[in-house]
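Ready for a few warm-up exercises? Take a look at the structure first, then try each task before you read its solution.

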Amino acid sequence: FAAQRHVLTYMEDAVSQLLENREDISQYGIARFFTEYFNSVRQGTHILFREFSFVQATPHNRASFLRTFWRCFRTVGKNGGKYSSICCYLLTAQEYHCLLQLLCPDFPMELTQKAARIVLMDDAMDCLMSFSDFLFAFQIQFYYSEFLESVAAIYQDLLAGKNPNTVIVPTSSSGQHRQRQPPNDCNPLEGVEASLFYQCLESLCDRSKYSCPPSALVKEMLSSVQRMTFYGFLMALAKDQGINRALGALPDKGDLFLDPAMDQEIEKLVAQVSGLSVSGPASSSADTANMPARNSPRINSPWKPLHHRRKMDAESEGSNEETDSSEN
């Protein structure tokens, strides 16, 4: 059970943060620190502002990151981006990558590009994508990263007529992702025999140490076609709501922009800010300018993310001072 839930990974990380921030933690106590740390792991907030090697270290971390990304930026699909003629708000891969880096500063651009290629099926990284299309493609690419690397190798071997049983399954979780040569899926007659492709994938799932989509759902997907291209398979994975439910990080596509719990929290914060504005003296604009900027409660999170936030807050305040001085 401990190995399956990656308990050792979290214990090592907790101890590392405890030693790194022992002076701050001594004011509150070790017991309280461990309580808050594992509460944050349970809530999925422990991945906020952490390094990529930690974010992708366990399936729970990956699912937590996906859920956090969706909850933070779901309104982009309704209120942000570039407006198109079909009433959708769209962003480029680079813009989505900037959003990912707000949560994980060293998030690799390569993973964002791979997710974009699932949607675009080519190398045109400057094309626009809807939030829902990118999110579900990103979910497959990020959560099943090692699986997809092996799928790409199997696909190439089948195209070349080689024995795919010689494919080497990735064994490193260091965060170093190998370059994947995109198969040529331009010709609809190209691709591999779907039944043979499934047999290879079934064998891969049986021996893989990493997360794989449910074999029954993959079989159902491939049994409906005679031939399948690589990017056609990735797009089918991204669109399959059964796989999305099995992964459990995101809601169904129809509920993608609904999050009642988050909406209630936002309404509370808006009410607090409105209350401060109303209670302040209306006659003095200077008093309004001196109003405290941060009265909202912070979410529980490990000490390291709090340290990063304090650092970013200090940088933000420094930039504000420079702006004020320049205006004067």
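**Exercise 1: a covered helix and its cap**

Task: Which residues of helix 13 are buried, and which residue caps its N-terminal end?

Solution: Start with the buried residues of helix 13, which are F230, Y231, F233, L234, M235, L237 and A238. That's 7 of the 10 residues in the helix, which spans 230-239, so helix 13 counts as mostly covered. Bear in mind that you're looking at a predicted model.

Next, go to the N-terminal end of helix 13, where T229 is the cap. T229 sits in the loop between strand 5 (227-228) and helix 13. Its side chain reaches the backbone nitrogen of G232 at 3.1 Å, and the atom on the T229 side is an oxygen.

Last, check the cover on T229 itself. The relative accessible area of T229 is 14%, and the cut-off for buried is under 20%, so T229 is buried.

**Exercise 2: one face of a helix**

Task: Where on helix 7 do its buried residues fall?

Solution: First list them: A93, Y96, H97, L99, L100 and L103 are the buried residues of helix 7 (residues 93-103). Now look down the axis of helix 7: these buried residues fall within an arc of 155 degrees, so they line one face of the helix. The general rule helps here: an α-helix has 3.6 residues a turn, so residues three or four places apart point the same way.

**Exercise 3: two helices that cross**

Task: How are helix 1 and helix 3 oriented to each other: parallel, antiparallel, perpendicular or oblique?

Solution: Begin with the geometry. Helix 1 (residues 7-20) and helix 3 (residues 30-43) pack at an angle of about 135 degrees, and their axes are 11 Å apart. Roughly perpendicular runs from 65 to 115 degrees and roughly antiparallel needs over 145, so helix 1 and helix 3 are oblique to each other. Their crossing is right-handed. On the helix 1 side, the contact is made by Y10, M11, D13, A14, Q17 and L18, and on the helix 3 side by I30, F33, F34, Y37, F38 and V41.

**Exercise 4: a loop residue**

Task: Is D126 buried or exposed?

Solution: Find D126 in the loop between helix 8 (109-120) and strand 3 (129-130). Its relative accessible area is 62%, and exposed means over 50%, so D126 is exposed. Now look across to E95: D126 and E95 are 31 residues apart along the chain, and their C-alpha atoms are separated by 9.6 Å.

Terms used: Residues numbered from 1 in each chain as written. Predicted model: local features only at pLDDT ≥ 70, side-chain atom pairs only at ≥ 80, totals over all residues. Heavy atoms only, no water. Buried < 20%, exposed > 50% of the residue type's maximum accessible area, 1.4 Å probe, protein only. Helix = DSSP H or I, 4+ residues; strand = E, 2+ residues; numbered from the N terminus. Arc of directions from axis to C-beta. Polar contact = N/O pair within 3.5 Å; in protein donor to acceptor, adjacent residues only side chain to side chain. Axes fitted to C-alpha atoms, helices over the stretch in contact; angles between N-to-C directions. Parallel < 35°, antiparallel > 145°, perpendicular 65-115°, else oblique. Left-handed = near helix turned anticlockwise from the far one by under 90°. Contact = heavy atoms within 4.5 Å.
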